[in-house]
Amino acid sequence: MVELLPLSNIEPQAVEALLDAAFGTDRFGRTAYRIREGVDAVPSLSFAAVVDGVLIGTIQCWPVAHRAADGTATPLVMVGPVAVRPEVQRGGHGRMLMTHMLDAAETGADGALMMIGDPEYYGRFFGFDADATGEWELPGPFEKRRLLARAVNGHDLPAGAGMIGPR
């Protein structure tokens, strides 16, 4: 039986080991890490999946912002990484973590959600799309079609051009 816990209940070394197993030790060079540099994950939106005391998956969310050229900053919540141990991937654990986080975000997110991810998957199952993100920029390389967002908890998506970075 999978138990969903606040990620803050899990030892940070266990989370890092899981992320290394899921994404490799070279993951720190990715653009997503630059976006959330220097900020801590949002505790109320970050969760762990545990089976018999063993960490099998995590989801983390981060406080970021869309900064327009005029200086207007719109708070956003960056979703990801969603990580599942390689040997139990394709078992629905990532979907369970996303669903749990989205339920929490419906009442607890202080901004709309954004992520870098597969639009076919995250659009189909979770309502993310790239409709509002076409003019957004990131502090590193990315595929425009993979920059996704969705409104949540009464927070609309920022319109127009802007740089995404830490709050």
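Let me start with β5 and strand β7, residues 147-150, which pair in the antiparallel sense over four bridges, and within that pairing Ile116 stands opposite Leu147 in β7. Please keep in mind throughout that what we are looking at is a predicted model.

On the partner strand β4, residues 73-84, the arrangement is parallel, with three bridges joining β4 to β5, and here Leu76 stands opposite Ala112 in β5. To get from β4 to β5 the chain passes through helix α3, residues 93-108, and this β-α-β crossover is right-handed. As for β5 itself, which covers residues 112-116, four of its five residues are buried, so that the strand is mostly covered.

What, then, does Leu113 contact, once its neighbours within four places in sequence are left aside? The list runs through Val77, Val79, Met101, Leu102, Ala105, Phe128, Leu148, Ala149, Arg150, Val152 and Leu157.

That brings me to the nonpolar cores. In soluble globular proteins, nonpolar side chains tend to be buried together. The largest core here has 23 residues, and those touching the most other members are Val79, Met98, Met101, Leu113 and Phe128. At least two residues each are supplied by β2 (47-51), β3 (54-67), β4, α3, β5 and α4 (119-126), while α3 provides the largest share, five residues. There is also a second, separate core of 14 residues, and among its members are Trp62, Met78, Met114 and Leu138.

Turning to the open space, the largest pocket holds about 930 Å³, and of the 34 residues that line this pocket, Phe23, Val82, Ile116, Tyr122 and Arg146 lie nearest its centre. Two or more lining residues come from each of α1 (12-23), α2 (31-35), β4, α3, β5 and α4, and the largest share, seven residues, comes from β4. Ile116 therefore appears twice in this account, opposite Leu147 in β7 and among the residues nearest the centre of the largest pocket, if one accepts the pocket definition used.

Finally, a word on Leu4, which lies in strand β1, residues 2-6. Is Leu4 buried or partly exposed? Its relative accessible area is 26%, and because buried would require under 20%, Leu4 counts as partly exposed. Not counting residues up to four places away in sequence, Leu4 touches Ala48, Ala49, Met96, Leu97 and His100. By contrast, Arg124 is 120 residues from Leu4 along the chain, and the C-alpha atoms of these two residues are separated by 23 Å.

Technical notes
Residues numbered from 1 in each chain as written. Predicted model: local features only at pLDDT ≥ 70, side-chain atom pairs only at ≥ 80, totals over all residues. Heavy atoms only, no water. Buried < 20%, exposed > 50% of the residue type's maximum accessible area, 1.4 Å probe, protein only. Pairing = 2+ DSSP bridges. Right-handed = clockwise from strand over helix to strand, strands pointing away. Core = buried A, V, L, I, M, F, W, Y, C linked by side-chain atoms within 4.5 Å. Contact = heavy atoms within 4.5 Å. 1 Å grid on protein atoms, 1.4 Å probe; cavity = no way out; pocket = protein on both sides within 12 Å on 5 of 7 lines; lining within 4 Å. Points joined across faces, edges and corners; volume = space filled by probe spheres on them.
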